[in-house]
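Hi,

Here is the model I promised to pass on. Have a look at it first, then read my notes underneath.

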Amino acid sequence: MKDGYGRTIDYLRISLTDKCNLRCSYCMPKEGIQHVAHSDILTLEEIGRIASVMKDLGIKKVRLTGGEPLVRKGVTELVRILHTDCCLDNISMTSNGCMISEYAEALKDAGLGSINISLDTLNRDTFIRLTGSDELDKVKEGISSAINAGIAVRLNCVPVRDINDNEITEIAGYADRIGVPVRFIELMPVGCGRAHKGVSTDELKAKLEAELGSAYRLSNDELLKRGFDDIQGPAEYYGFGSFPGIVGFISPISHRFCESCNRIRLTASGFLKLCLQYPDGVDLKTPLRCGASDSEIKSIIEEAVLKKPAAHSFTTGSLNTDTRRMVEIGG
Ligand code: SAM
Ligand code: SF4
């Protein structure tokens, strides 16, 4: 499927819920949010139906996210539906890690290939300050369970100024010790993220260089040689001096990658969102529940995708920015 700028759209992020068991201060307010009514959340079968139509339209990769995808009942069954019924082979998830231990084996059996686990800090007090919960040990347990179940794991860390930005070398070291790559993601001014200050990739790289040695970009061949095959996507991977670990950077603010954006998002309530920043998109739930045929749904999706914006304008500001929080959109 092509958008109006000729970009191939082959990656769908599906939000399973706007609920979460944590309250990361850059994502979700302490008091929580007004959740979408249960009856307005897509059922597993409805998600499967949309995914199947999307597959016909050329979607190759699906990522389950939220909110926290593992608080959604039936998540393992959904992975099975996507893998077996929709014949999607590239199914991944982004999770905060707290509940992975309970699900890792079942998710692997159902067809989950990889999981990005958020780990912003290794310090218990900072974890509590950042997320409102004392769950760091659970997250670490979750990371080990996913690795032991044979699911490919990557760690995601969002450095936030004066909260966890002093820990990046330690987090890179931890990732290396457990044998997984880590990616540092620039904080985006979405929802609660606006109340915090992020740290640019250039600043992070300079810090890591000072502590670990000179940075060098890892080519795809080098990454494959090191057994890391998930090389598509916006992350750029680096090595540092003699440090053996793989460190990725995702830089939506300082080096925006919109020209090669291949993704669209489905919210938990069935809204197809075209760009993280803007509210534009199309409701798929209503036609689905009113009996639209697959070909009618396909046309609605294709028509919407043609209107995908060229690029975000987070740095210049835009009056058309989505007012919803990341947890509501599906990060
Ligand atoms: N609950 C899961 C988790 O935390 O991994 C999945 C949903 S969460 C919204 C997905 C990712 O978005 C997490 O890695 C989180 O750190 C990131 N995120 C949330 N708000 C963000 C923001 N304002 N800027 C950049 N990343 C953000
Ligand atoms: Fe929950 Fe993930 Fe948002 Fe943290 S980043 S509040 S874990 S949805």
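Below is what I found around the ligand, in one helix and in two loops.

A word on conventions: this is a predicted model, so local features need pLDDT of at least 70 and side-chain atom pairs pLDDT 80 or more, while totals for chains, interfaces and linings use all residues. Residues count from 1 along each chain, chains are lettered from A and ligands numbered from 1 in the order written, and side-chain values use heavy atoms, without hydrogens or water.

Ligand 1 first. It has 18 residues around it, with Y26, G67, E68, S118 and M188 the closest (a heavy atom within 4 Å counts as near). That shell splits into 7 nonpolar, 9 polar (Gly goes here) and 2 charged residues. For polar contacts (N or O pairs within 3.5 Å), a backbone N or O of M188 sits 2.8 Å from a ligand nitrogen, and the side chain of E68 has an N or O atom 3.2 Å from a nitrogen of ligand 1. The protein buries 94% of the 540 Å² that ligand 1 exposes when taken alone (Shrake-Rupley, 1.4 Å probe).

Next, helix 2, residues 75–85 (helices are DSSP H or I runs of at least four residues). Its buried residues (under 20% relative accessible area, 1.4 Å probe, protein chains only) are V75, T76, L78, V79, I81 and L82.

Finally, two non-glycines have positive phi: C87 at about 55° and D162 at about 65°. C87 is partly exposed (20% to 50%) at 44%, whereas D162 is exposed (over 50%) at 61%.

Cheers

Note on methods
A polar contact is a pair of N or O atoms within 3.5 Å; within protein, one must be able to donate a hydrogen and the other to accept it, and residues adjacent in sequence count only if both atoms are side-chain atoms. Helices (H or I, at least four residues) and strands (E, at least two) are DSSP runs, numbered from the N terminus.
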